[in-house]
Amino acid sequence: MASEQSTTVAVTALRPGQDVNGVFACTRKDRLMTRTGAPYLALELRDRTGTVPARAFQHADALAGRFERGDLVRVNGLVERFRDELVVEVVDIARVSSDRLDPTQFLPSAYRDLDELDGFLEHLCGEVYDRGYRSLLSTLLADDSLRAAWRRAPCTRSGHHAYLGGLLEHTVAVATLAHEVCQLHPRLNSDLLLTAAITHDLGRTREFTYSAEIGLTEEGRLLGHVAIGHRMLSERSATLDELRTLSLLHCVLCHHGPASAPGGRFGSAEALALYRLNALDTTVKGALEHGLRE
């Protein structure tokens, strides 16, 4: 089959017979053997639109020394169809410097408009009327570097909302659910629950690194986002009295369940509500992204 003109094409736009000449993130690199005992490379290439498998049969060992998994690589090859799946047959591949490239161009991103989500976040913060909690939220929104990290971060690396912008999307979803449940149950402290919903995953903003793959910072690896979020809120809680601070931190610490609470029990209805609302969004989103699991 005659190939099309060589070009840099998004993964989702690749078609059989098309020449490939572009930069991708290498997210898999395995040295395997053919049935005849010859070595070949089994690869996975990714840009922000998706992933595609790739194989290098010629000069496999020589090519393997030119890059590692997690590198940005320039690939020359041809798109073929193999067992009803598109595969890039690699002719040449080598690591490229990321100095002039934004690695986030090669990471999956949210489909929803981040400016729109930012607007929803500001609106939800405006629904908090307690002076102390509202001042805390205003301080967070006024921090430009934090806002940028809030927009960029995923929620996880391979679970729910595992893409750039996923944190902001999840935060808006949980806070929206919190706002609605407070209308149904007016005895809930809406200012506490809404503030907790907005800040419950704040530690995610310092949990990740961004290169060809989403990695973990040392803080993220050693502490995790819950402990990081506790530290961030504690550092910014000067506008809150002790009871408000403790009530908020309890909700944040317990948003994955009561195990981290003293005695293994929720200390407030708001903490219980946040746990359930967080679980609702994460499990529904996970089912939509990865299918229902038994």
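**Exercise 1. Determine which residue takes a positive phi in the hairpin of E2 and E3, and describe the pairing of these strands.**

Solution. In the hairpin formed by E2 and E3, five residues stand between the strands, and Gly37 has a positive phi near 90°. The model is predicted: local features require pLDDT of at least 70, side-chain atom pairs count only at pLDDT 80 or more, and totals for chains, interfaces and linings use all residues. Residues are numbered from 1 along each chain as its sequence is written, and side-chain values use heavy atoms, with hydrogens and water left out.

Step 1. Strands (E, at least two residues) and helices (H or I, at least four) are DSSP runs numbered from the N terminus. Two strands pair if DSSP finds at least two bridges between them.

Step 2. E2 and E3 are antiparallel and share eight bridges. Met33 is opposite Pro39 in E3.

Step 3. Leu32 belongs to strand E2. Its C-alpha atom is 6.9 Å from that of Ala42, although ten residues separate the two along the chain. Contact means heavy atoms within 4.5 Å. Apart from neighbours within four places in sequence, Leu32 is in contact with Ala38, Pro39, Tyr40 and Ala42.

Step 4. Buried means under 20% relative accessible area, exposed over 50%, and partly exposed in between (1.4 Å probe, protein chains only). Leu32 counts as partly exposed because its relative accessibility is 31%.

**Exercise 2. Trace the pairing of E5 with E2 and with E6.**

Solution. Step 1. Strand E2 (residues 18-33) and strand E5 (residues 72-82) run antiparallel and are joined by seven bridges. Gly22 has Val75 in E5 as its bridge partner, and Val20 has Gly77 in E5.

Step 2. E5 is also joined to strand E6 (residues 85-95), in the antiparallel sense, by ten bridges. Here Val73 has Arg95 in E6 as its bridge partner.

Step 3. The hairpin of E5 and E6 has two residues between the strands, and Arg83 takes a positive phi near 50° there.

**Exercise 3. Establish whether His59 is buried or exposed, and whether His161 is buried or exposed.**

Solution. Step 1. Most residues other than glycine have a negative phi. His59 has a positive phi near 55°, and His161 has a positive phi of about 50°.

Step 2. His59 is located in the loop between strand E4 (50-56) and helix H1 (60-64). His161 is located in the loop between helix H4 (144-152) and H5.

Step 3. His59 is exposed because its relative accessible area is 61%. His161 is buried because its relative accessible area is 2%.

**Exercise 4. Identify the residues that touch the most other members of the largest nonpolar core.**

Solution. Step 1. A nonpolar core is a set of buried Ala, Val, Leu, Ile, Met, Phe, Trp, Tyr and Cys residues joined through side-chain atoms within 4.5 Å.

Step 2. The largest such core has 47 residues, of which Trp150, Leu193, Ile198 and Leu248 touch the most other members. Helix H5 (residues 166-184) gives the most to this core, namely eight residues.

Step 3. Beyond its neighbours within four places in sequence, Trp150 is in contact with residues including Leu121, Leu140, Leu167, Ile198 and Leu202.

Step 4. A second, separate core has 22 residues, among them Val9, Cys26, Leu63 and Phe67.

**Exercise 5. Characterise the lining of the largest pocket and of the second largest pocket.**

Solution. Step 1. On a 1 Å grid over the protein atoms alone, a pocket is an open set of points where a 1.4 Å probe fits, with protein on both sides within 12 Å along at least five of seven lines; lining residues have an atom within 4 Å of a point. Grid points are joined across faces, edges and corners, and a volume is the space filled by probe spheres set on the points.

Step 2. The largest pocket has a volume of about 400 Å³. Of its 18 lining residues, Pro108, Ser109, Ala162, Tyr163 and Glu289 lie nearest its centre. Strand E3 (39-47) and helix H10 (269-290) are the elements that give two or more residues to this lining.

Step 3. Ala, Val, Leu, Ile, Met, Phe, Trp, Tyr, Cys and Pro count as nonpolar, Asp, Glu, Lys and Arg as charged, and the others, Gly among them, as polar. The lining of the largest pocket contains six nonpolar, six polar and six charged residues.

Step 4. The second largest pocket holds about 160 Å³ of space. Its lining includes Ser158, His160, Thr282, His290 and Arg293, and divides into two nonpolar, eight polar and one charged.
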